[in-house]
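Here's a quick look at one small sheet and the core around it. Have the structure open as you read.

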Amino acid sequence: MVWFNSRMENNSSRVGRRRLLVGLGFGLPALGLFGGRIFADAEQGLAFEPLQLTSRQWREILSAEEYRVLRRDGTERAFSSPLDKEFGNGTYVCAGCFLPLFSSAHKYDSGTGWPSFWQPINDEHIGTRRDFRLIIPRTEYHCARCGGHQGHVFDDGPEPTGQRWCNNGVALRFIPAGESLPALRSGIDD
Ligand SMILES: [Zn+2]
């Protein structure tokens, strides 16, 4: 778990590079093609500015369930999200700010009732922290751009990583391959 901590410590130093890369990422038409290509581009470093909104602004943007999960660390009911059984090619973006978080190339059926992935689309798009809500420590993860809670990561996933990124479906939006990714949300006027 050491790598989680080192990644978090590195987040602040990466902001500068993200800014430099603004304009290189989401303007590329290639991003709308398919998961593999998106992943390759994202792996090179998509740029993004943090999105910080007030609770009132988030309530205006999000549905009640999206708000409960994303902004209050809620957990949706198992098997309640259609994305659990979504296995088409495409990209999963944060439902709060539309930052790409996962690719269908890394999705699998964990049988838990929540969309599950064996790795994020890009480590820099994810932030983590320890969560002691259930007494047993867990690793919570969230969107690195808006801070929206996504789920927890466990070490009982499949190869090649052995990780299970257990995600709330309501915290994601699925963009099928061939459709353009939405522009990153910039605020309540979108
Ligand atoms: Zn987000």
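## A three-stranded sheet

S1 and S2 pair antiparallel over three bridges, where pairing takes at least two DSSP bridges between two strands; strands (E, at least two residues) and helices (H or I, at least four) are DSSP runs numbered from the N terminus. This is a predicted model, so local features need pLDDT of at least 70 and side-chain atom pairs pLDDT 80 or more, while totals for chains, interfaces and linings use all residues. Residues are numbered from 1 along each chain as its sequence is written.

The two strands make a hairpin with five residues between them, and Phe-98 in the turn has a positive phi of about 75°. On S1's other pairing, five bridges join S1 (residues 90–94) to S9, again antiparallel. That gives an open sheet in the order S2-S1-S9. S2 (100–103) and S9 (172–176) are the edges, each with a single partner strand, so one side of each has no neighbour in the sheet.

Here are some of the facing residues:

| Residue in S1 | Opposite residue |
|---|---|
| Thr-91 | Ser-103 in S2 |
| Thr-91 | Ile-175 in S9 |
| Cys-94 | Leu-172 in S9 |

S1 is mostly covered: five of its five residues are buried (20 or more other C-beta atoms within 10 Å of their own). The largest nonpolar core (buried Ala, Val, Leu, Ile, Met, Phe, Trp, Tyr and Cys joined through C-beta atoms within 7 Å) has 31 residues, with Val-93 and Cys-94 among those with the most contacts inside it. S1 gives the most to this core, three residues.

Definitions and conventions
A residue is buried if 20 or more other C-beta atoms lie within 10 Å of its own, exposed if 12 or fewer, and partly exposed in between; C-beta atoms are placed from the backbone.
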